[in-house]
Amino acid sequence: MALTYRCLIIDDESPAHKALASHISKFDELEHSDSAFSGMEALKLLNANQYDIIFLDINMPVISGVELMELQPNRPLTIVTTAYSDFALSAYQNDAIDYLLKPISPDKFAKAIEKAKTYFSGNSLKKENNTDTKVLSYRLNGQNIDMPLCDIIYIESLGNYMKLYCTRFNLPHIVYGSLSSIASEIDSSSFVQVHRSYIVNVNKISAVTFKNLTMSNGEVIPVGRKYQILLDSFLK
């Protein structure tokens, strides 16, 4: 059965929503799941639901597209859609996979979707209908490991490597990759970045203070000031 990618359109202008929805409707593998007309509305939807691709406008009031990307590093694959060419560098620095200038032609849109599909085809995450069965696949000591996402307690960045702390093992698994690369693979409704070096499973948090989290394995994780708003939105 072919995969269907859930799409969220984020733009403060209705005509842009209509144009993107029309593009999305021409691809059987894309599903227009939700629409957000402000950055704040988008943050709420991203924290409450799971999407595979977001189409993100840059020039929005209160929270711009760039600010949203900075606030939500743990987010779905992001395709920027804007009338301005000035923010391409900021977009790519925040891991956008494409930057489409409005009005978006069918060819440009199709190429962006091909990029997304290429990314997903190389993605180690096995997409399942039941979120509890999703796993993160990686190699460790020559063996293939399928780690259920629900068993991951938190992930710590070590430059080009990451430590995965899981309920199944006493010691962390050290795997190649960055937090930004893994952020788009994991379930955004259960994981949140709370520090530049940490992504946590919100279901494994035992205690919360203003500056720290205590996880289910007893480890204490610092909470960065700029990530506090993301954590608060999860815990409300």
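This is a short walk through one protein chain, stop by stop, with something to select at each one. Keep in mind that the model is predicted.

**Stop 1: the whole chain**

Start with everything shown as a cartoon. You're looking at 236 residues, and 49% of them are buried. The secondary structure comes to seven helices and 16 strands. Take the contacts between residues at least 6 apart in sequence: 50% of them join residues at least 24 apart.

**Stop 2: the five-stranded sheet**

Now color strands E1 to E5. They make an open sheet in the order E2-E1-E3-E4-E5, and the pairing is parallel. Which strands stand at the edges? They are E2 (30–36) and E5 (98–101); each has a single partner strand, so one side of each has no neighbour in the sheet. On average, and ignoring direction, neighbouring strands here are turned by 25 degrees against each other.

Zoom in on E1 (residues 5–10) and E2: six bridges join this parallel pair. For one of the bridges, select Tyr5, whose partner in E2 is Leu30.

As background, strands of a sheet pair through backbone hydrogen bonds, and the pairing can be parallel or antiparallel.

**Stop 3: two helices across that sheet**

Keep the sheet on screen and add helix H1 (residues 14–25). H1 lies across E1, E2, E3 and E4, and runs at about 165 degrees to E2. Next, add helix H2 (residues 39–48), which lies across E1, E2 and E3 at about 130 degrees to E2.

**Stop 4: a residue in a loop**

Select Gln72, in the loop between helix H3 (65–71) and strand E4 (77–82). Is Gln72 buried or exposed? Its relative accessibility is 4%, so Gln72 counts as buried. Setting aside neighbours within four places in sequence, Gln72 is in contact with Leu43, Leu46, Asn47 and Leu230. Try drawing a distance between the C-alpha atoms of Gln72 and Asn47: you should get 9.3 Å, for two residues 25 apart along the chain.

**Stop 5: aromatic rings**

Show the side chains of Phe, Tyr and Trp. There are four aromatic pairs in the structure. Pick Phe55 and Phe109: the ring centres are 5.4 Å apart and the planes sit at 20 degrees, so this pair is stacked. Phe55 belongs to strand E3 (residues 53–56) and Phe109 to helix H5 (residues 106–121), so the pair ties together parts 54 residues apart in sequence. Phe55 counts as buried because its relative accessibility is 0%. Phe109 is buried too, with a relative accessible area of 0%.

Now move to Tyr154 and Tyr198. With centres 6.1 Å apart and planes at 55 degrees, this pair is tilted. The pair links distant parts of the chain: Tyr154 is in strand E9 (residues 152–158) and Tyr198 is in strand E13 (residues 198–201), 44 residues apart. Both tyrosines are buried.

Before you leave the rings, add Phe27 to the selection: ring pairs link Phe27, Phe55 and Phe109 into a cluster.

**Stop 6: the nonpolar cores**

Select Val194, Val200 and Leu213. Among the 37 residues of the largest nonpolar core, these three touch the most other members. Leu213 is a good one to center on. Leaving out its neighbours within four places in sequence, its contacts include Val194, Val200, Ile205, Val220 and Leu231. There is also a second, separate core of 18 residues, with Tyr5, Cys7, Ile24 and Ile79 among them.

**Stop 7: the three-stranded sheet**

Stay with Leu213 and bring the strands back. E14, E15 and E16 form an open sheet in the order E14-E15-E16, with antiparallel pairing. At the edges are E14 (205–208) and E16 (220–222), and each pairs on one side only. The twist from one strand to the next averages 30 degrees. Three bridges join E15 (residues 212–215) to E16, and in E16 the bridge partner of Leu213 is Ile221.

**Last stop: cysteines**

How many disulfides does the structure hold? Zero. Finish by selecting two of the cysteines. Cys7 has 0% relative accessibility, so Cys7 counts as buried. Cys166, at 6% relative accessibility, counts as buried as well.

Note on methods: Residues are numbered from 1 along each chain as its sequence is written. This is a predicted model: local features need pLDDT of at least 70, side-chain atom pairs count only at pLDDT 80 or more; totals for chains, interfaces and linings use all residues. Side-chain values use heavy atoms; hydrogens and water are left out. Rings of Phe, Tyr and Trp (its six-membered ring) pair if their centres lie within 6.5 Å; planes under 30 degrees apart count as stacked, over 60 as edge-to-face and the rest as tilted. Helices (H or I, at least four residues) and strands (E, at least two) are DSSP runs, numbered from the N terminus. Buried means under 20% relative accessible area, exposed over 50%, partly exposed in between (1.4 Å probe, protein chains only). A nonpolar core is a set of buried Ala, Val, Leu, Ile, Met, Phe, Trp, Tyr and Cys residues joined through side-chain atoms within 4.5 Å. Contact means heavy atoms within 4.5 Å. Two strands pair if DSSP finds at least two bridges between them. Axes are lines fitted to C-alpha atoms, for helices over the stretch in contact, and angles run from 0 to 180 degrees between N-to-C directions. A disulfide is a pair of cysteine sulfur atoms within 2.5 Å.
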